[in-house]
Every structure is written in C-alpha cells, then in structure tokens.
Amino acid sequence: MASPLDFYLITDLHHYGEALGTSGKAYDRINAREQKCLAETGAIIDAYFDKLIADTDTKTVLIDGDLTNDGAMESHLDLLPRLQRLKNAGKDIYLITATHDYYVEGNNTGMAKKCVGDKTVPATNTSREELFDMYFEYGLNKALSIDRESHSYCVKLQDGYRLLCLNDDGDRVFCGYSENQLKWIEQQIDEAHTAGDYIFAMTHHPTLPPSAIYPLISARDMLGDWDKTTTFLADKGIEVMFTGHTHMQNIAKKVTAKGNVYYDINTSSMVGYPSCIRKVHIDDKTIDIKTQTIDDFDWDRNGLSVDEYLRRHFLFFLNDILDSAADDIDHLAELGSGFSMTKEQVYKLKIPLHIIGKGLKKWTFGSLGRFFLISRKIPDSVKNVKIRDFLLEVLQNVYRGNEPYSPDTPEYQAFSAIIDCIVGKLSHFKKFKDLHKSTDLIKQALYNKEPDDYEFVIERKH
C-alpha cells in the first residue's frame, strides 16, 4: 500500500513583469480590461510562495498553466527566479504552460506589449518552442514519458502515484488533444495500471463546464471535444482532472454511461478575485480537496483586506463592461477578450448589447415585473432591487464558487419569473424556438447545491 500523497495545486499566475511598465495611461488602459491584477502579480505570487515554503511537510507543487499574462519574455525571466526560490526551498515543481505563455505569428491577441507613458510598444515575444527548454527542469526533466509535439508528460510523483501533465494549447484555435496525443495518453494510463499506480491528471482548459451556462457563452474556452474526451478519460480510469483558465472556483462531476465517475477540479487564478489555491491529500480510499488563500501581500491596499482589494478590482472590470455596453460600444469591443467575446461579436450584437446596457442602469425586479405584466410573481421584498446589482452579485458568486440563491429565495423566484417570461415571448420566433432549453441552465448560475467548491472529499473507485 502506497503512502499518502500531499500536494498544492496553483494556476493562472499571469505574471506581469515590472519591466513591462506598471504606471501611466497605457498601463491604466490595459489594467482596466483585466479581471485579475497586473502590477500586483509579483507581490501576490511571492506571498503565496512564502505560504508554500512555510509548509515544510508538503514538497509537491503543481502549476496548471498561464504562467504569464501575455507571453512576454520579460515576464518569464521575472518569474523564473521565483520558481527557483521554491525549488531551493525543497519543493518539487511540476508545471505546464498554456496559451498566455507564448505568441503565435499572426495572432495579435497574444502579442506582448510594454507600457511607456500613454503608449504601448512591443515587448519581447516568447515562442511556444522556447517554453520547452525554459521550463524543462520544472517537471519535464523527471518525466517517465514525454509527448514532444504537445509538450505533455507523465511523471511519477512518488511510489504509487503518477500524474499526467497534459498541455492542451494545440494551435490556439483548437485547445484540446490530437489523435496522437490521445493515443499517448491511453498508453500512459495503461502503463500506470500495469504498475499498480494511481494516475490522475492536470490540464489548463476546463474539461467540464464550471457553470451551467459556460458552454453557451464561452464554448471556445472549454477543452476541445470535452464531452467525448472526458468520457474516454473516465472510462480509462482517470477520476480526477485539475484545471484552470476560467479563474473560477468550481468542482464539477460527470458519470459516464458505463457508470464511471469523473471530477473536474477547477481553481481560480492566483492573482485575481477570489484568488485561491488547492491543498490536496490522496490516500488509498479518498481524495481530500481543500482551499487556501492568503491574508496579506506586500502592496499598499489602502486599508483593504486581500479579498476586498481583489474584489474591488473585479467589480471595476464588470462595471466597466456594463457602462460600455450602455455608452461606448467601441470601448466594449476593446474589453471583449476579457469576457470571451471577439470585437466582431460585440459589433454584431451592438444593438441588443446597447439596449441591455441602458436598461440595466434603471431596471429593477419590480419595474420589469410591471413591464411584463407579472408583478404578482415578483416577491415584494425584492421589487426595489436593481437588476444590475443582482447580476453583479451573481457573477461574483459564480467566480467565487458560492451560488446561494436556492429556489425558495425571493431572488430566485423573481429572476426565474422574468427569465421564463422573456424566453416564452422569444420562443414565438423561429430563431429562438429552442431557447427554452437554456432557461434551466441560466437559473443554475444562481444556486449550486453540490459539490462544495472549496472543501470536498472524493471516494476513490480505482
């Protein structure tokens, strides 16, 4: 019987090197488009690394991609000494890179920029191939097997435990696994089982939806062919996959037609609200997942706690989106990448986005209830609640992994009544005839009964 395995899982460091510029109008423009912090990344990473180093009993650290914010070499070179500090403290680090860590010629969304006063100038781009050697000593050097094309590898963490480190960035258009990579994955799983080792995995993009509506609004941010791939992995014996990318705190579960259970443990960005990491304990019976945070980092936060400071930045980002929808569609198009929309999609939908943006400045549950002639379905206690304020709270809850509005709450009842009415009216049009299929998914964003996204124990089947 193997000894228990303990490790930390961190993801989405999005390090923004100081050499890229952390003040001035150009920086302010870039920072305003971000859900996460930028100038503060080094201080936040240092505080979390201090926490990991202080835990002398836990040697293993997994890092699940998006090490830097935009693949600037300046950021990589600023992050590497921090990783070396962890390593010098006795930590065994296993990491993968992801799409924010390099630049592809012709794909301007990933071009590294430096802020100088009120202008941005090119920074030093990093190619995908450079990442292999740059981070070789953080996992690849200990690999039992490497899939060179995808930069994926399999490693034995300790006796009885293997980890699949699955790079899914592909060609940046399709973020998933190629046929050759899937064959390599199957071979690694078979070899682990033959050796009697328990095997689990990490990859960057979510393999199960972190919220019910996520595939509707951010399908391109899911692992490619996620439903088919997770069925394959679960039926081969992978019970747990650790993921990132969404910056959300979430645990999702799937049961395949063959009865195999699969969990996606999605963890928030370390440098943006709600800023969490995972502490995991695996023994021969269970997988115990806990969440940890920091209560301080070396930055002038104007008297705010870490949670309040990060939340304020997050709310500024959300309010900027809503204000732009109402008053500045060009600015909204610039912000689009921050909420998984391209400029083209924003301009295509500019009329409904503008109407919604304007409406959210004045709508309440009560006013919409009167407009749709369903006032009797809106509980009196929420009639004066602004729809905008409610949606901001819901979005925070989704990222935080705490959706508390159960069906018996007045908020859920009011929101459901309005959604059902809108969908019912739109369903008369051929274009929206199937929209009703999405209403339950939208409502599920209000309430998450289980599993607990912070503290959870999985009963092992393998």
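Start by selecting Asp288: outside its neighbours within four places in sequence, Asp288 is in contact with Lys279, Val280, His281, Phe456 and Val457. Keep in mind as you go that this is a predicted model. Asp288 sits in strand β14, residues 286–292. For a sense of scale, add Lys383 to the selection and draw a distance between the two C-alpha atoms: Asp288 and Lys383 are 95 residues apart in sequence and 42 Å apart in space.

**Next stop: Tyr8**

Keep Val280 on screen and add Tyr8, which belongs to strand β1 (residues 5–10). Tyr8 and Val280 are 272 residues apart along the chain, and 6.2 Å separates their C-alpha atoms. Is Tyr8 buried or exposed? Its relative accessibility is 3%, so Tyr8 counts as buried. Now show what surrounds the tyrosine. Leaving aside neighbours within four places in sequence, the contacts of Tyr8 include Leu52, Asp55, Thr58, Thr60, Val61 and Leu62. From another stretch of the chain, Ile277, Arg278, Lys279 and Gln292 are also in contact with Tyr8.

**The nonpolar cores**

In soluble globular proteins, nonpolar side chains tend to be buried together. To see this here, select Phe49, Ile63, Leu83, Tyr135, Met270 and Phe365 and show them as sticks: of the 74 residues in the largest nonpolar core, these touch the most other members. Helix α8 gives the most to this core, with ten residues. Apart from the largest core lies another one, of 28 residues, and Val280 from the previous stop is among them, as are Val240, Ile251 and Ile289.

Now zoom in on Tyr135. Setting aside neighbours within four places in sequence, Tyr135 is in contact with Leu67, His76, Leu79, Leu80, Leu83, Leu95 and Thr97.

**A cavity beside Tyr135**

Rolling a probe the size of a water molecule over the atoms shows where empty space is left. How many cavities of 30 Å³ or more does the structure hold? There is one, and about 80 Å³ of space lies in this largest cavity. To find the lining, select Leu95, Ile96, Thr97, Leu131, Phe132, Tyr135, Leu140, His151, Tyr153 and Asn167. Two elements, β3 (92–96) and α4 (128–134), give two or more residues each to that lining. Colour the lining by class and you will find seven nonpolar residues, three polar and no charged.

**An open pocket**

Move on to Ile251, a member of the 28-residue core, and add Asn250, Gln444, Asn448 and Glu450. These five are the closest to the centre of the second largest pocket, out of 18 residues that line the pocket. About 370 Å³ of space lies in the second largest pocket. Which strand gives the most to the lining? The answer is β11 (residues 250–255), with four residues. Coloured by class, the lining of this pocket shows eleven nonpolar, four polar and three charged residues.

**Salt bridges**

Side chains of opposite charge can pair when their charged atoms come close. The structure holds 27 salt bridges, and three of them make a good last stretch of the tour.

- Select Glu129 and Arg148. The closest N and O atoms of this salt bridge are 2.4 Å apart. Glu129 is in helix α4, while Arg148 is in the loop between β6 (143–147) and β7 (152–158), and the two are 19 residues apart. Glu129 counts as partly exposed, at 43% relative accessibility, and Arg148 is partly exposed too, with a relative accessible area of 37%.

- Select Asp197 and Arg162, whose side chains meet in a salt bridge of 2.7 Å, N to O. Asp197 lies in the loop between α5 (179–195) and β9 (198–203) and Arg162 in strand β8 (residues 161–166), so this pair ties together parts that are 35 residues apart in sequence. Check the accessibility of both ends: Asp197 is buried, with a relative accessible area of 7%, and Arg162 counts as buried at 10%.

- Select Asp327 and Lys358, a salt bridge whose closest N and O atoms are 3.1 Å apart. This pair links helix α8 (residues 306–327), where Asp327 is found, to helix α11 (residues 350–360), where Lys358 is found, 31 residues apart. The relative accessible area is 48% for Asp327, which is partly exposed, and 40% for Lys358, also partly exposed.

To finish, select Arg33, Glu334 and Lys343: salt bridges that share partners join these residues into one network.

Conventions. Residues are numbered from 1 along each chain as its sequence is written. This is a predicted model: local features need pLDDT of at least 70, side-chain atom pairs count only at pLDDT 80 or more; totals for chains, interfaces and linings use all residues. Side-chain values use heavy atoms; hydrogens and water are left out. On a 1 Å grid over the protein atoms alone, a cavity is a set of points where a 1.4 Å probe fits but cannot get out, and a pocket is an open set with protein on both sides within 12 Å along at least five of seven lines; lining residues have an atom within 4 Å of a point. Grid points are joined across faces, edges and corners, and a volume is the space filled by probe spheres set on the points. Ala, Val, Leu, Ile, Met, Phe, Trp, Tyr, Cys and Pro count as nonpolar, Asp, Glu, Lys and Arg as charged, and the others, Gly among them, as polar. A salt bridge is a side-chain nitrogen of Lys or Arg within 4 Å of a carboxyl oxygen of Asp or Glu. Buried means under 20% relative accessible area, exposed over 50%, partly exposed in between (1.4 Å probe, protein chains only). A nonpolar core is a set of buried Ala, Val, Leu, Ile, Met, Phe, Trp, Tyr and Cys residues joined through side-chain atoms within 4.5 Å. Contact means heavy atoms within 4.5 Å.
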